[in-house]
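Biologist: I would like to learn how to read the features of a protein model. Could we look at one together and go through it step by step?

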Amino acid sequence: MSDVHAQTVSYVRETMLPEAEPPVTERGAIKWLRENLFSSWLNAILTILSLFVIYYVLSHTLGWMLYGIWDAGSLTECRQIRNELYGEDASVACWAVLADRWDQLLFGFYPQDLYWRPVAALLVFFVAVSPILFEGVPRKLFYLTAAAPFICFWLIWGGTIWGPIVVALGFVIAGAIFRYGAEMVGPLLAIIGAFLVPILYWLLLAGPLTGMLNSIAPIGMQYVSSDEIGGFMLAFIIGITGIILSFPLGILLALGRQSDLFIINKTCVTFIEVIRGVPLIVWLFTASLLLNYFLPPGTNFDLLLRVIIMVTFFASAYMAEVIRGGLAALPRGQYEGADSLGLNYWQSMQLIILPQALKISIPGIVNTFIGLFKDTTLVVFVGLSDPIGFSNLIRATTDWNGIYWELFIFIGLCFFICCFSMSKYSQFLERKLRTEHR
């Protein structure tokens, strides 16, 4: 067909049609509803049933929550206000218990004039972990990350400033032995020395050295005993400490379980299987009751510290199995590729193996963290006053005897916010590290 003929044929378009809006069913909220809620007759029935359940629950609870009473000094006074405003048969929440006892639910028996110290410790913690969690944060904050555990300890417990500094010196000694000892005595002896020497230093020299430095320069703050720490502050201390310490310990246990060295392999296997084979509550009772029998007479081993150690060991055993699953999921070629590059064991683990294994293990790792944080409520059985323990103490008073749902809703909401935040961050991290579609 010639060009002239093409220009004269009626069905040959000379201009483009203007862009048109897509059909209503293929855009916006209607498309989302059709694809997600009414994609089939079964989904439509389930959607309608779900809406009915949501309506039924909200119709019976929303008014109870929204019309709750906030200004009352006791449950009796709260009921009197309810009778005057809504009648005796009305069902309204008595949120006044939260307004009256919020400080105990959050801080326990911590001195009220010192509330700024745990708040400052929490802010230091968030700033310190920011360079680990997000890329855009200045890398210089890693110095604060290294110092944050000792700063937070001093802010919460107080006392002399030399105690955290002397303890931090033990980690410096461990790092120096691990870094320079491998070239001098071999990697195995360096690892053993980096583990044993700081323990001997803390047991034998840390106390006298702290006392000597404090006598020379007495710098410190008011000391707060562990008995005064409770509520959500206690849950945060145990949960965050357990999470931070169990992660590297779990990595070492996972690597040790795969080691070809007989002693290291069997030690890690025994530790993992024994810890995982016993419920956490049993280990907490062990830390509370039985551990003192193995200590020298007159030794005052803080109960909170014992609980933190047991919780850390328990979480690290589960963490080791999660990370071992990530290591096992890697193809054998990754290990062989690391060997072909001439990397030694630690270099291959740091640069090739562990980054991939940890990426695979992110869901399991975060799940372990969430479970650990929720398990902090078990410390109520060994005499520590976590949020659940303080709710029992509050309900045991004459003012608030008989109140239940308001306290448990508040506690559950706080735990949900923390656990949901960890879950959302793990999803963000998975999307960020996803490389198969790049």
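**Reading the features one by one**

Modeller: Gladly! Let's begin with Arg276, which counts as partly exposed, at 31% relative accessibility. Please keep in mind that this is a predicted model.

Biologist: How do I read that percentage for Arg276?

Modeller: The label "partly exposed" fits because values under 20% would be buried and values over 50% exposed. With 31%, Arg276 falls between the two.

Biologist: With which residue does Arg276 form a salt bridge?

Modeller: The partner is Glu273, and the closest N and O atoms of this pair are 3.9 Å apart. The cut-off for a salt bridge is 4 Å, so this pair is included. The two residues are three residues apart in helix 12, so about one helical turn separates them. Glu273 is partly exposed as well, with a relative accessible area of 35%.

Biologist: Which other residue forms a salt bridge with Glu273?

Modeller: Arg257 does, with 2.9 Å between the closest N and O atoms. Here the two partners come from separate helices: Glu273 belongs to helix 12 and Arg257 to helix 11 (residues 231-257), so the salt bridge ties together parts that are 16 residues apart in sequence. Arg257 is buried, at a relative accessible area of 19%.

Biologist: Which residues are linked with these three in a network of salt bridges?

Modeller: The network consists of Arg257, Glu273, Arg276, Glu321 and Arg324. Arg276 has one more feature to show you: its charged end sits over the ring of Tyr318, 5.4 Å from the ring's centre.

Biologist: How many salt bridges are there by this rule?

Modeller: The count comes to six. Another one joins Lys432 and Glu135, whose closest N and O atoms are 3.5 Å apart. This pair links distant parts of the chain, since Lys432 is in helix 19 while Glu135 is in the loop between helix 6 (116-133) and helix 7, 297 residues away.

Biologist: Are Lys432 and Glu135 buried or exposed?

Modeller: Take them one at a time. Lys432 is partly exposed, at 24% relative accessibility, whereas Glu135 is exposed, with a relative accessible area of 62%.

Biologist: Now to the rings. What describes a pair of aromatic rings?

Modeller: Two values do: the distance of the centres and the angle of the planes. This structure holds 20 aromatic pairs. One of them is formed by Phe153 and Trp157, with 5.0 Å from centre to centre and 25° between the planes, and it is stacked. The label applies because planes under 30 degrees apart count as stacked.

Biologist: Where do these two rings come from along the chain, and how covered are they?

Modeller: Phe153 and Trp157 are four residues apart in helix 7 (residues 142-157), so about one helical turn lies between them. Phe153 is partly exposed, with a relative accessible area of 41%, but Trp157 is buried, at 11%. Compare that with Tyr425 and Phe428, whose ring centres are 5.8 Å apart and whose planes meet at 45°, so that pair is tilted. Both residues lie in helix 19 (residues 405-433), three residues apart, again about one turn of the helix. Phe428 is partly exposed, at 32% relative accessibility.

Biologist: Which residues form an aromatic cluster?

Modeller: One cluster is made of Phe232, Phe236, Phe373, Phe410 and Phe415.

Biologist: And what does helix 13 pack against?

Modeller: Its buried residues pack against helix 12 (262-276), helix 14 (303-329) and helix 17 (362-375). Those buried residues of helix 13 (residues 280-290) are Leu280, Trp283, Leu284, Thr286, Ala287 and Ser288.

Biologist: Which residues form a nonpolar patch on the surface?

Modeller: Among them are Leu188, Ile192, Phe195, Leu196 and Leu261, and the whole patch has about 1100 Å² of accessible area together. Leu196 lies in helix 9 (residues 187-204) and is partly exposed, with a relative accessible area of 42%.

Biologist: One last residue, please. Where is Leu213, and what is Leu213 in contact with?

Modeller: Leu213 is in helix 10 (residues 206-216). Leaving aside neighbours within four places in sequence, Leu213 is in contact with Trp162 and Val166. Its relative accessible area is 24%, so Leu213 is partly exposed. From Ile69, Leu213 is 144 residues away in sequence and 54 Å away in space, C-alpha to C-alpha.

Note on methods:
Residues are numbered from 1 along each chain as its sequence is written. This is a predicted model: local features need pLDDT of at least 70, side-chain atom pairs count only at pLDDT 80 or more; totals for chains, interfaces and linings use all residues. Side-chain values use heavy atoms; hydrogens and water are left out. Buried means under 20% relative accessible area, exposed over 50%, partly exposed in between (1.4 Å probe, protein chains only). Contact means heavy atoms within 4.5 Å. Patches are made of residues with over 30% relative accessible area and no salt bridge: like charges are joined within 9 Å, nonpolar side chains (Val, Leu, Ile, Met, Phe, Trp, Tyr) within 5 Å. Accessible areas come from the Shrake-Rupley method with a 1.4 Å probe; for residues, only the protein chains shown count as cover. A salt bridge is a side-chain nitrogen of Lys or Arg within 4 Å of a carboxyl oxygen of Asp or Glu. Rings of Phe, Tyr and Trp (its six-membered ring) pair if their centres lie within 6.5 Å; planes under 30 degrees apart count as stacked, over 60 as edge-to-face and the rest as tilted. A charge sits over a ring if NZ of Lys or CZ of Arg is within 6 Å of the ring centre and within 35 degrees of the ring normal.
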